[in-house]
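Trainee: I would like to take a close look at a single part of this chain, and I would be glad if you could walk me through it with care.

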Amino acid sequence: MKLNAYATSGTSPTQSDFVCENHFSLFLLRPISPAALAWIEEHFPPDRITFGNAVVVEPRYVWAILLGLQEDGLVVTRG
């Protein structure tokens with residue numbers, strides 16, 4: 001059963017769950033809602049690389065991750 005991320009996080013389509021920052025050699029995916037934190041725990045390995053509360057993502061993987069976030073009903077904005 002797929003949960004509605006908006007209902008579980010309290011966000012709406014106009015509020016972001018993640019901010020994605022492009023730093024050219026890497027991307028930072030910053031969670032800004034409880035649903036985003038839960039998504040990270042479910043979809044990233046425990047040994048993921050972080051920078052503060054952001055997950056570090058290689059450019060070759062970022063597009064697939066962003067599509068997965070959106071397919072799961074989460075909203076991402078550029079940072």
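In which loop is the place of serine 33?

Mentor: Bear in mind from the outset that what we have here is a predicted model. Serine 33 sits in the loop that lies between β2, residues 27-31, and α2, residues 34-43. To place that loop in the whole, the chain has three helices and five strands, and read from the N terminus they follow the order α-β-β-α-β-β-α-β. Although serine 33 belongs to a loop, the residue is buried, because its relative accessible area is 4%, and buried means under 20%. The side chain of serine 33 also makes a polar contact of 2.7 Å with the side chain of aspartate 17.

A useful counterpart is the loop between β1, residues 18-22, and β2, where phenylalanine 24 is found. Phenylalanine 24 is exposed, with a relative accessible area of 70%, whereas serine 33 is buried. The backbone of phenylalanine 24 deserves a second look as well, since most residues other than glycine have a negative phi. In phenylalanine 24, which is not glycine, phi is positive, with a value near 70°.

For the setting of both loops, 38% of the 79 residues in the chain count as buried. Among contacts in the chain with a separation of 6 or more, 55% come from residues 24 or more positions apart. The chain exposes about 5,200 Å², of which carbon and sulfur atoms supply 60%.

Technical notes: Residues numbered from 1 in each chain as written. Predicted model: local features only at pLDDT ≥ 70, side-chain atom pairs only at ≥ 80, totals over all residues. Heavy atoms only, no water. Helix = DSSP H or I, 4+ residues; strand = E, 2+ residues; numbered from the N terminus. Buried < 20%, exposed > 50% of the residue type's maximum accessible area, 1.4 Å probe, protein only. Contact = heavy atoms within 4.5 Å. Areas by Shrake-Rupley, 256 points an atom, 1.4 Å probe, with all protein chains shown as cover. Polar contact = N/O pair within 3.5 Å; in protein donor to acceptor, adjacent residues only side chain to side chain.
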